[in-house]
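Take a look at the chain below. This report walks through its charged pairs, its nonpolar cores, its cavities and a few backbone details.

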Amino acid sequence: MDQAGGKMSAIKPSKGPVAVTGCSGFTGGHMVRELVHHGYSVRACIRDANSWRGKDCVAYLKRLPNVEIVNGCDLFTKGSYDKAFDGASAVFHVAAVLGNSADGKSQPLGAGDIAKDVYDGGLVGTQNVIDSINNSASVARIIYTSSMAAVSGAKAASLPEGYEWVETDWSSDGVDEEVWNKPQNSYAKSKVDTERLINSSAEESGGRWDAITMNPAMICGPILFKAQVGQWIEQIGRVGAGMEPNWPSKYDMYYNIVDVRDLVKAHRLAAESKIDHKSTQGGSRYIMHGSGGRSALRLGTQVSDLIADLFPSFKLGAPATVTSKGEPIKIESRMLNDSKKAASVLGATFRPVEETIRDLIETSIELGVIEPKLRG
């Protein structure tokens, strides 16, 4: 079978090094760890090894075997991944510009506009990654970290209760173009357009390389180094430390958790698989989320209850449920995921969410990210 069929694109450690983008981030750092644990030599792509995030990441990565740190890999810079990809058998493209990092400082080459930088970090940045793959004579497969934001969307309101999102769903389905192009949809739009760009570029490669997409929900789990703190892991840690959440707001909401260790394992399994991913239901994309009835957990009740059971001596924080006008907020979740395809096709596994929460809190304490308050 040729590369276009998928079999020749399957990778293994003996095929040479692999490259990982976004290694100073949460998923990227764990991706490197997963790969070296399974015998791979890894080229860890970092934008700025001299920034505080870069230094913290480098200090961790230097403790791992078979990791070559490649500095200067910037999503906004053409050709900056050429060195890292030259001679690599595969690329795990994890890097992204997130809303909490598009502040005009974390992305010095960005425009400073959050919506634009989030979108461009996906589409423009990934085009630069694709160009570097095409410049390489060795890369046979890209595994892209997309998001559930590219799967679930506005049509949720019209779906029956208990609808389970599947890989054939796209968050752009049925959305008015004017609404879809609004700044608040920049992340979801970026992920949708980037997935489609990667898929079309793989087709245009004529079988030189193929593409697989992973679609995780809210990525949580243990912290490897301080620079990884942010988004959902930070908010769960804040509740555990007796504080109110602060991102994306202080208000209660449902969390749709996937453990980062389960996610990166599925990335690796997908990369190593000899099946024709394109021929599977929904094509070469895999929803990655918790399993069964733990699909959606309310932060202020269910997640907090888990923390209280695991750490009964801690005084917990709580998200707000009432607005400044004294009106109760509306809290609902219409998201149900069971990752059946990833489990059956890839052999992906999903650990209990209690383990995810426990390890998140414990590593937050160990690294000095949080200092729990004790009950009186």
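Arg285 counts as buried, because its relative accessibility is 2% and the cut-off for buried is under 20%. The model is a predicted one. Which partner does Arg285 form a salt bridge with? The partner is Glu195, and the closest N and O atoms are 3.0 Å apart. Arg285 lies in strand S10 (residues 285–288) and Glu195 in helix H6 (residues 186–204), so the pair ties together parts that are 90 residues apart in sequence. Glu195 is buried too, with a relative accessible area of 1%.

**More salt bridges**

Side chains of opposite charge can pair when their charged atoms come close. A search of the whole structure turns up 15 salt bridges. Three of them are set out here.

| Salt bridge | Closest N and O atoms |
|---|---|
| Arg285 and Glu195 | 3.0 Å |
| Asp252 and Arg298 | 2.6 Å |
| Glu355 and Arg351 | 3.1 Å |

Now take the pair Asp252 and Arg298, which forms a salt bridge. Asp252 lies in the loop between helix H7 (231–240) and strand S8 (254–255), and Arg298 lies in strand S11 (residues 297–298), so this pair ties together parts that are 46 residues apart in sequence. Asp252 is buried, at 6% relative accessibility. Arg298 is partly exposed, with a relative accessible area of 23%.

What about Glu355 and Arg351, buried or partly exposed? Glu355 is partly exposed, with a relative accessible area of 25%. Arg351 is also partly exposed, at 28% relative accessibility. Both residues belong to a network of salt bridges. Its other members are Asp259, Arg261, Asp262, Arg358 and Asp359.

**The nonpolar cores**

In soluble globular proteins, nonpolar side chains tend to be buried together. How many residues does the largest nonpolar core have here? It has 66 residues. Those with the most contacts inside this core are Phe92, Met214 and Ile236. Helix H8 (residues 260–272) gives the core its largest share, seven residues. A second, separate core has 22 residues. Among them are Ala88, Val139, Ala202 and Trp209.

Look more closely at Ile236. Neighbours within four places in sequence are left aside here. Ile236 then has contacts with Cys220, Tyr255, Ile257, Leu299 and Val303. Ile307, Ile357, Leu360 and Ile361 complete the list for Ile236.

**Around Tyr144**

Tyr144 lies in strand S5 (residues 141–145). Tyr144 is buried, with a relative accessible area of 1%. Which residues does Tyr144 contact, leaving aside its neighbours within four places in sequence? They are His93, Lys191, Thr194, Glu195, Ile198, Ile212, Thr213 and Met214. Two of these names have come up before. Glu195 is the salt-bridge partner of Arg285. Met214 is one of the residues with the most contacts inside the largest core. Tyr144 and Ala211 are 67 residues apart along the chain, yet their C-alpha atoms are separated by 7.4 Å.

**Empty space inside**

Rolling a probe the size of a water molecule over the atoms shows where empty space is left. The count comes to two cavities of 30 Å³ or more. The largest cavity holds about 50 Å³ of space. Which of its 11 lining residues are the closest to its centre? They are Ala96, Val118, Gly122, Ser190 and Lys191. Lys191 is also in contact with Tyr144. Helix H4 (114–135) and H6 each supply at least two residues of the lining. By class, the lining has six nonpolar, four polar and one charged residues.

**Backbone details**

Some details concern the backbone. A cis peptide bond joins Trp247 and Pro248, with omega at about -5°. Pro248 lies in the loop between H7 and S8. Asp252, from the second salt bridge in the table, lies in that loop as well.

Where does a residue other than glycine have a positive phi? Asn66 is one such residue, with phi near 60°. Asn66 is found in the loop between helix H2 (52–61) and strand S3 (67–71). Gln231 is another, with phi near 50°. Gln231 is found in helix H7.

Note on methods:
Residues are numbered from 1 along each chain as its sequence is written. This is a predicted model: local features need pLDDT of at least 70, side-chain atom pairs count only at pLDDT 80 or more; totals for chains, interfaces and linings use all residues. Side-chain values use heavy atoms; hydrogens and water are left out. A nonpolar core is a set of buried Ala, Val, Leu, Ile, Met, Phe, Trp, Tyr and Cys residues joined through side-chain atoms within 4.5 Å. Buried means under 20% relative accessible area, exposed over 50%, partly exposed in between (1.4 Å probe, protein chains only). Helices (H or I, at least four residues) and strands (E, at least two) are DSSP runs, numbered from the N terminus. Contact means heavy atoms within 4.5 Å. A salt bridge is a side-chain nitrogen of Lys or Arg within 4 Å of a carboxyl oxygen of Asp or Glu. On a 1 Å grid over the protein atoms alone, a cavity is a set of points where a 1.4 Å probe fits but cannot get out, and a pocket is an open set with protein on both sides within 12 Å along at least five of seven lines; lining residues have an atom within 4 Å of a point. Grid points are joined across faces, edges and corners, and a volume is the space filled by probe spheres set on the points. Ala, Val, Leu, Ile, Met, Phe, Trp, Tyr, Cys and Pro count as nonpolar, Asp, Glu, Lys and Arg as charged, and the others, Gly among them, as polar.
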